[in-house]
Amino acid sequence: LDGMPLMDYPGPKAQIHYAQGTADFFCDTMEMFSLYLKPEQQKRITAVYAQDMGKADWNRPEGHWIDAKSAFYVLGSRRTGSMGPTLASFSREEDARAFAQRHGGKVLRFGEVTLDMVALDGGALRDERM
């Protein structure tokens, strides 16, 4: 979507597929959620995918695509993706919990992720010193 080569960065990637037959590919799950949750998102979405980090290599993730809406996510871990903080995605809750135990963070379902959790502004919008 933003021109970043997906294979050059660590952490989970994501995809959104639309009714008109197009798709957006994301170098990070944080970026995917940021677009998906925006109120102005008007395209009809037919599928959302993320990589299962219980199976994919964090540093060179390839394949292992899962239905993002049924996945478990770890928010706030010490592991970073291509854009910095990320949501690690897993098909199995026990894999997400084991990841959170090792790297910190909180396990969430897709529907529990909110727009304020995935802001891509680096905190600038909440910086009261500006």
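In the predicted model, a search of the whole structure identifies three salt bridges. Side chains of opposite charge can pair when their charged atoms come close. Two of the pairings involve R92: its side chain meets that of E94 at 3.0 Å between N and O, and the side chains of D95 and R92 form a salt bridge at 3.1 Å, again from N to O. R92, E94 and D95 are thereby linked in a network of salt bridges. Neither R92 nor E94 is buried, because their relative accessible areas of 40% and 47% lie between the limits of 20% and 50% that bound the partly exposed class.

A further salt bridge connects R97 with E93, with the closest N and O atoms 2.8 Å apart. These two residues are four positions apart in helix α2, so about one helical turn separates R97 from E93. Both ends of this pair are partly exposed, R97 with a relative accessibility of 46% and E93 with a relative accessible area of 32%.

Helix α2 spans residues 93-103 and lies across β5, β6 and β7, running at about 35° to β5. The strands beneath this description form an open, antiparallel sheet of three members in the order β6-β5-β7. Its edge strands, each paired on one side only, are β6 (84-90) and β7 (106-109). Neighbouring strands of the sheet are turned against each other by 40° on average, direction ignored. Strands of a sheet pair through backbone hydrogen bonds, either parallel or antiparallel.

Strand β5 comprises residues 72-81 and is joined to β6 by six bridges, the two strands running antiparallel. The connection between β5 and β6 is a hairpin through two residues. Within this pairing, T80 stands opposite P85 of β6, and V74 stands opposite A88 of β6. Strand β6 is mostly covered, with six of its seven residues buried.

Residue L75 is also located in strand β5. The C-alpha atoms of L75 and T86 are separated by 6.8 Å, the two residues being eleven positions apart along the chain. When neighbours within four places in sequence are set aside, L75 is in contact with L87, G105, K106, L108 and M117. Of these partners, L108 falls within the residue range of β7, which is 106-109.

The other helix, α1, consists of residues 29-36 and lies across β5 and β6, running at about 90° to β6. Helix α1 includes S34. With a relative accessible area of 6%, S34 is buried, because the class is defined by values under 20%. Beyond neighbours within four places in sequence, S34 is in contact with L115, V118 and L120.

At the level of the whole chain, the secondary structure amounts to two helices and seven strands. Read along the sequence, these elements follow the pattern β-β-α-β-β-β-β-α-β. Buried residues account for 40% of the 130 residues in the chain. Among contacts between residues at least 6 apart in sequence, 59% join residues at least 24 apart. The accessible surface of the chain comes to about 7,200 Å², and carbon and sulfur atoms contribute 50% of this area.

Technical notes: Residues are numbered from 1 along each chain as its sequence is written. This is a predicted model: local features need pLDDT of at least 70, side-chain atom pairs count only at pLDDT 80 or more; totals for chains, interfaces and linings use all residues. Side-chain values use heavy atoms; hydrogens and water are left out. Two strands pair if DSSP finds at least two bridges between them. Axes are lines fitted to C-alpha atoms, for helices over the stretch in contact, and angles run from 0 to 180 degrees between N-to-C directions. Contact means heavy atoms within 4.5 Å. Buried means under 20% relative accessible area, exposed over 50%, partly exposed in between (1.4 Å probe, protein chains only). Accessible areas come from the Shrake-Rupley method with a 1.4 Å probe; for residues, only the protein chains shown count as cover. A salt bridge is a side-chain nitrogen of Lys or Arg within 4 Å of a carboxyl oxygen of Asp or Glu.
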